[in-house]
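Dear colleague,

Please find below the structure that I am handing over to you, with its sequence. My findings follow after it.

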Amino acid sequence: MDINSRPVVVKRMPERLNSRTAREFLRDVRPFLAADRPQLVFDLSLVAQIDAAGVEMLLRCMSEAHKRDGDVKLASLSDQAAVVLELTRTERLFEIYETSTEAARSFSGFLPNAMRQQLLHNKRSTQPIAA
Amino acid sequence: MDIRGLLLANSEDSGATATAPPATLDVAGKSTLQRMAERLQQYGISSVSAVVEDAPSVGVRNFGLPSDVTCISATPDRFWRAAENAFNEMAQNGAELVVLVRLGAYAEADFEKFVQFHIDRGGRVTQLASGPQKLEIFCISASRRNDAASLFRTQLSHCRIECPLYQDEGYLNLLAGPRDLRQFAIDILTRQTQTCPAGKETRPGVWIVGDAKVERGARVLAPAFVGSMARIRAGAVITRCSSVERHAEVDCGTVVENSTVLPFSYVGAGLDLAHSVAGMGRIVNLYRDVDVEIVDPKLIASMPVASGKRLLASATDVLTYLPRLAWQGLFSSAKAPQPDLRETLGQTSPVLGNAAGFETSACDTEASHKFPNMVVARRYGHQ
């Protein structure tokens, strides 16, 4: 079992996130969400307008990712996106990072590191003791 | 002595803007125009006129001014001419002194001392100042029409003689932007000002105008203000110096915290409005210092100012409620079947992937070739 082999997918979100663009975006990311333990970063730096359908789509992506033990993280939030996420109380549901790089890096953060330590421990314990 | 008051309210930019002058915006139930007119009257200046720039209707007759205040409406290009005419008319009708106030800034000046200072100095024009800040508040001897004319023609920026300054230490808010507007609401609700919120103090610190509707289950926590005909729906919370102005509506479950909801604005259900000024399809978030346009009427919307249009909208809503429900019932997609618990428990978790003996789609480089607008930003580990 290799915990570090999974890719982190970064997707830049469109400037206007309404019901139509949200549908298109969801169609685009669906194959990635269907993967095992998907790791997605949505870059919202370009977002100038986001409505309830856009927020709903983000939640849907998160829910799909969680179902498969993955996660969706947000990065580079524009002021507009930040205000709407705050208004709709959804900002507290996501991990939000300053940059996409930081968000992508965070996937190798706490949990995988802990697991890595455990794996290393298991490996050591199964190694034959030198005679 | 015949002392009269002249109030001027116009937009900062004299272009054809569609917005109302900031002085006509309600803060805790009354506009600064209304508050200043009342203040002048409190100081015994009974004859007050207001020259207000033409603007889309603010939904209240005569800008909410007391009935004995004469209100003159003027187009932006004729505004200063109208102000000068109003001054001349006062002079012709026997006024000896005119207290001229341009809003903008709201200052709780002591007009009695101000006028006395002007009389004692025997000046033609006296200007009011608060510290180093010169305010657009003047006391003008009505007989000095030329001095007044020079003031009006330079939009109060210059007088042909040097004006003595009267220093006043009263409350001052420049009302230069949304932050000041918000601060003004806080100052009124926390009683930092002499002026009070409109309506009745129903509980200590909670001001609700009589015809406002606070539904059962909604909470208004002090200090807070709910304006005339405003509606706070069930489960909503209004708190921390928030001000919901007249005809505004806060929908179910929404929390309004340290915010102002402008008149005729709708705030959608289940939202969290904090540190903001919301209305006219916009949110100014003071914490982030950003002005955001909200296009989704489910979040923030403007309501029609004309009562007829509001009534029509409500009637349409009521009449179409049942057909809409029927339509949704007939044509909406079928509900997903409830998963059977036993069956679900019997299934292998997809998380286990190949280890559980079935295939899972891989999110790898193949997929990123297939979808060129996606990028694999970083790979970790040895692959």
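Which residues does Val226(B) touch, not counting residues up to four places away in sequence? In this predicted model, Val226(B) touches Ile208(B), Val209(B), Ala212(B), Val214(B), Val220(B), Ile232(B), Ile238(B) and Val244(B).

Val226(B) also belongs to the largest nonpolar core, which has 135 residues. Together with Leu7(B) and Val99(B), Val226(B) is among the residues with the most contacts inside that core. Domain 1 (3-173) and domain 2 (194-302) of chain B both contribute residues to this core, so it lies between them.

I turn next to helix H3 of chain B, which spans residues 111-121. Its buried residues are Phe111(B), Phe114(B), Val115(B) and His118(B). Viewed down the axis of H3(B), these buried residues fall within an arc of 95°, so they line one face of the helix. This can be read against a general point: an α-helix has 3.6 residues a turn, so residues three or four places apart point the same way. On the face of H3(B) turned away from the buried side are the exposed residues Glu112(B) and Asp120(B). The packing partners of the buried residues of H3(B) are helix H1 (32-42) and the strands E1 (3-9), E6 (97-103), E8 (125-130), E9 (133-141) and E10 (165-167), which belong to chain B. Just after H3(B), Gly122(B) adopts a positive phi of about 60°.

Chain B also contains an open sheet of eight strands, in the order E12-E13-E16-E19-E22-E25-E26-E27, with mixed pairing. Strand E12 (200-203) and strand E27 (290-293) of chain B stand at its edges with a single partner strand each, so one side of each is left without a neighbour in the sheet. Within the sheet, strand E25 (residues 276-279) and strand E26 (residues 282-285) of chain B pair in the antiparallel sense over four bridges. One pair of bridge partners is Val277(B) and Val284(B), the latter in E26(B).

Chain A meets this sheet through its own helix H3 (residues 79-87), which lies across E26 and E27 of chain B and runs at about 75° to E27(B).

As for chain A itself, there are five helices and six strands, and from the N terminus on the elements run β-β-α-β-β-α-β-α-β-α-α. Of its 131 residues, 42% count as buried. Among contacts in chain A between residues at least 6 apart in sequence, 81% join residues at least 24 apart.

With kind regards

Definitions and conventions
Residues numbered from 1 in each chain as written. Chains lettered and ligands numbered in written order. Predicted model: local features only at pLDDT ≥ 70, side-chain atom pairs only at ≥ 80, totals over all residues. Core = buried A, V, L, I, M, F, W, Y, C linked by C-beta atoms within 7 Å. Buried ≥ 20, exposed ≤ 12 C-beta atoms within 10 Å, placed from the backbone. Domains from an automatic or database assignment. Contact = placed C-beta atoms within 7 Å. Pairing = 2+ DSSP bridges. Helix = DSSP H or I, 4+ residues; strand = E, 2+ residues; numbered from the N terminus. Axes fitted to C-alpha atoms, helices over the stretch in contact; angles between N-to-C directions. Arc of directions from axis to C-beta.
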